[in-house]
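Subject: A structure for you to look through

Hi there,

Here is the structure I promised to pass on. Please open it beside this email and follow along as you read.

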Amino acid sequence: PGSSSSPLGLPSDLNKCGFPEHEDLRATVRPLDDYSNTYIGLSCPNCLGDGSHYKYGEYQYVCSSEDIAAFRCFDSIDQYQLFNMSADPYELHNVYQDSASVVKYALASRLRMYYPCKGATCP
């Protein structure tokens with residue numbers, strides 16, 4: 001039971017990971033869209049004044065926990081995702097490549113404004 005996606009080739013047999021020996025304790029390794037869960041993103045309903053609800057994310061594959069805590073990540077983005085939630089509520093079509101530069105810039109700027117802030121320091 002369970003699954004994982006590891007670019008490092010970690011064992012798919014959980015018994016090899018130090019879990020108690022059990023014949024039914026197996027994992028499957030299956031490819032995902034991306035192996036990175038290190039991302040920042042925002043959901044932005046009508047934030048551009050066009051009535052659309054956007055969901056925007058930036059992914060960086062290599063970033064330590066210390067770098068995340070110190071807000072030193074996301075200076076070398078590996079992947080972008082942009083979904084128009086108004087037109088595609090199930091997030092089936094990443095429209096980043098096809099979107100206007102002004103939309104991408106506006107969402108990236110808004111995300112950078114929120115990334116380092118906490119509580120009352122947020123806009």
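Is Lys-55 buried, partly exposed or exposed? At 33% relative accessibility, Lys-55 counts as partly exposed. Before we go further, please keep in mind that this is a predicted model.

**Salt bridges**

Lys-55 is a good place to begin, as this residue has a partner. Side chains of opposite charge can pair when their charged atoms come close. The structure holds two salt bridges. In one of them, Lys-55 is paired with Glu-91, and their closest N and O atoms are 2.9 Å apart. This pair connects distant parts of the chain: Lys-55 belongs to strand β4 (residues 53–59), Glu-91 to the loop between β5 and α2, and 36 residues separate them. Glu-91 has a relative accessible area of 29%, so this residue counts as partly exposed.

The other salt bridge is between Glu-58 and Arg-112, with 2.4 Å between the closest N and O atoms. Here too, distant parts of the chain are linked: Glu-58 is in strand β4 and Arg-112 in helix α2, 54 residues apart. Which of these two is buried, and which is partly exposed? Glu-58 is buried, because its relative accessible area is 3%, under the 20% cut-off. Arg-112, with a relative accessible area of 32%, is partly exposed.

**The sheet**

Strand β4 has now come up in each salt bridge, in the positions of Lys-55 and Glu-58. Where does this strand sit in its sheet? The sheet is open and has three strands in the order β3-β4-β5, with antiparallel pairing. At the edges are β3 (39–45) and β5, each of which pairs on one side only. On average, neighbouring strands in this sheet are turned by 10° against each other, ignoring direction.

How many bridges join β3 and β4? There are seven, and the two strands pair in the antiparallel sense. To see one of these contacts, look for Leu-42, whose bridge partner in β4 is Tyr-56.

**Aromatic rings**

Next, please find Phe-74 and Tyr-115. The structure has three aromatic pairs. Phe-74 and Tyr-115 form an edge-to-face pair, with 5.5 Å from centre to centre and 90° between the planes. The two residues come from distant parts of the chain: Phe-74 is in the loop between α1 (65–69) and β5 (79–84), while Tyr-115 is in the segment after α2 (101–114), 41 residues away. Both of them are buried. For Phe-74, the relative accessible area is 5%, which is why this residue counts as buried.

Another ring to visit is that of Tyr-96. The charged end of Lys-104 sits over this ring, 4.5 Å from its centre.

**Two backbone angles**

Phe-74 deserves a second visit for its backbone. Its phi is near 70°, a positive value in a residue other than glycine. Which other residue from this email has a positive phi? Glu-91 does, with phi near 55°, and Glu-91 is likewise a residue other than glycine. Each is in a loop: Phe-74 in the one between α1 and β5, Glu-91 in the one between β5 and α2.

**Disulfides**

The structure holds two disulfides. One joins Cys-44 to Cys-47, with an S to S distance of 1.6 Å. This link is right-handed, with 135° about the S-S bond. Cys-44 has a relative accessible area of 3% and is therefore buried. Cys-47, at 18% relative accessibility, also counts as buried, because the cut-off is 20%.

The other disulfide joins Cys-117 to Cys-122, with 2.1 Å from S to S. Why is this disulfide called right-handed? The torsion about its S-S bond is about 95°, so the link between Cys-117 and Cys-122 is right-handed. Cys-117 counts as buried at 15% relative accessibility, whereas Cys-122, at 28%, counts as partly exposed.

If you would like a short route through the model, start at the salt bridge of Lys-55 and Glu-91, go on to the one between Glu-58 and Arg-112, then turn to the ring pair of Phe-74 and Tyr-115 and end at the disulfide of Cys-117 and Cys-122.

Happy exploring, and best wishes!

Note on methods:
Residues numbered from 1 in each chain as written. Predicted model: local features only at pLDDT ≥ 70, side-chain atom pairs only at ≥ 80, totals over all residues. Heavy atoms only, no water. Phe/Tyr/Trp six-rings, centres within 6.5 Å; stacked < 30°, edge-to-face > 60°. Helix = DSSP H or I, 4+ residues; strand = E, 2+ residues; numbered from the N terminus. Buried < 20%, exposed > 50% of the residue type's maximum accessible area, 1.4 Å probe, protein only. Lys NZ or Arg CZ within 6 Å of the ring centre and 35° of its normal. Salt bridge = Lys/Arg side-chain N within 4 Å of Asp/Glu carboxyl O. Disulfide = S-S within 2.5 Å. Pairing = 2+ DSSP bridges. Axes fitted to C-alpha atoms, helices over the stretch in contact; angles between N-to-C directions.
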